[in-house]
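Biologist: Could you take a close look at the packing of the nonpolar side chains and the aromatic rings for me? I'd like one connected walk through that part.

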Amino acid sequence: MTTETVVTPILTSGTLWQRIITQTEYALNCGALQSIATNYDFIEQGDIRFLVRILANLARKEKAKKQQKKIEKSGQEFNPFLPYEQDLFVGNLSQTHLCLLNKFNVVDHHLLIITRKFEQQETWLTAADFAAMWLSLAEIDGLVFYNGGKLAGASQRHKHLQLVPFPLVPNGMNLPIEPAIAAVQFHNSIGMIPEFPFVHAIAPFNPHWIHTPSEAAIFTLELYFALLASVGLSVNDQSFQSGAYNLLATRNWMMIIPRSQEEFEGISINSLGFAGGLLVRNSEQLQWLKSHHPLTVLTQVGISR
């Protein structure tokens, strides 16, 4: 597996958050940003207090999906990132990556970190991807995640990581799974969360990496391959991934979860689900989730251990 040369950042240090705030206001005013309203509830299971958002109106996103499918059926390639919508453009992170606002955001200030040139979402992450991740995390303390393939919740083929600022829980902790992570058991720097009944692997980051994105990217790439191997995903010098997976990363750790299916009982799961943030379409799904428990759903879409 080759590594790419990590490039000098283009975005001026210390400006990303203000650019997000300014562009969000502009994009909302001109109608480019179409936030999806939600209500929310909590479901407690073990040490985790899962945040469950209930969609209030999916009409706009469903309309956009139908339009995309119509274009694809016509034989045309559809890629919302090439060209990207200028009104959603936040800034250039590097010579290889830029960032956009998520057009149909559920979480405020949801950022997309995309490759300038087209790369498949189902190719392995690279040093350049991780450099863009660290450049973003240096500016914004939050959760970076990657939906590796359709079974992992990816809706677009163009490679993109995503970032949501902390806290993920309104007026609460950064992540619902924080108490569970506190109990992680490490062996040779790779660990498992005792409360998670599905296959996964988590590893800590060096706290100094946040100050050196380019160097951190190289070390993170090595750690990424180690985590993939530990959950049974083989790289073998192939550019395309050998299986679907979710990746979650903060300034402190990175976790990988292999996937077996995209949804269970109509509830779709992407990376945020494994961070403790679930999304349901209506109150009926919420009640079903309360009676069957979130970890049951996560295990069904992952791989039971």
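**Core and rings**

Modeller: Sure. The largest nonpolar core has 48 residues, and those with the most contacts inside it are Phe 130, Tyr 224, Tyr 245, Leu 247 and Met 254. Helix H3, residues 127–139, gives the most to this core, with eight residues. Keep in mind that this is a predicted model.

Take Met 254. Leaving aside residues up to four places away in sequence, Met 254 touches a list of residues that includes Phe 130, Ala 201, Ile 202, Ala 203, Phe 205, Thr 220, Leu 223 and Tyr 224. Leu 227, Leu 247, Leu 248 and Ala 249 are also among the residues that Met 254 touches. Apart from the largest core lies another core, of 38 residues, among them Leu 168, Ala 180, Phe 196 and Leu 289.

Now the rings. There are 15 aromatic pairs in the structure. One of them joins Phe 198 and Phe 274: the ring centres are 5.2 Å apart and the planes stand at 70°, which is over the 60 degrees needed, so this pair is edge-to-face. Phe 198 sits in the loop between strand S9 (190–192) and strand S10 (201–204), while Phe 274 belongs to helix H6 (residues 271–274), so the pair ties together parts that are 76 residues apart in sequence. Both Phe 198 and Phe 274 are buried.

Phe 205, which we met as a contact of Met 254, makes an aromatic pair with Trp 209. That pair is tilted, with 5.6 Å centre to centre and 45° between the planes. Phe 205 has a relative accessible area of 6%, so it is buried, and Trp 209 counts as buried at 14% relative accessibility.

Ring pairs also link Trp 124, Phe 130, Tyr 146, Tyr 224, Phe 225 and Tyr 245 into a cluster. You'll recognise Phe 130, Tyr 224 and Tyr 245 from the residues with the most contacts inside the largest core.

Some rings have a charge for company, too. The charged end of Arg 49 sits over the ring of Phe 42, 3.9 Å from the ring's centre. For Lys 103, the charged end sits over the ring of Phe 104, 5.9 Å from the centre.

How values were computed. Residues numbered from 1 in each chain as written. Predicted model: local features only at pLDDT ≥ 70, side-chain atom pairs only at ≥ 80, totals over all residues. Heavy atoms only, no water. Core = buried A, V, L, I, M, F, W, Y, C linked by side-chain atoms within 4.5 Å. Buried < 20%, exposed > 50% of the residue type's maximum accessible area, 1.4 Å probe, protein only. Helix = DSSP H or I, 4+ residues; strand = E, 2+ residues; numbered from the N terminus. Contact = heavy atoms within 4.5 Å. Phe/Tyr/Trp six-rings, centres within 6.5 Å; stacked < 30°, edge-to-face > 60°. Lys NZ or Arg CZ within 6 Å of the ring centre and 35° of its normal.
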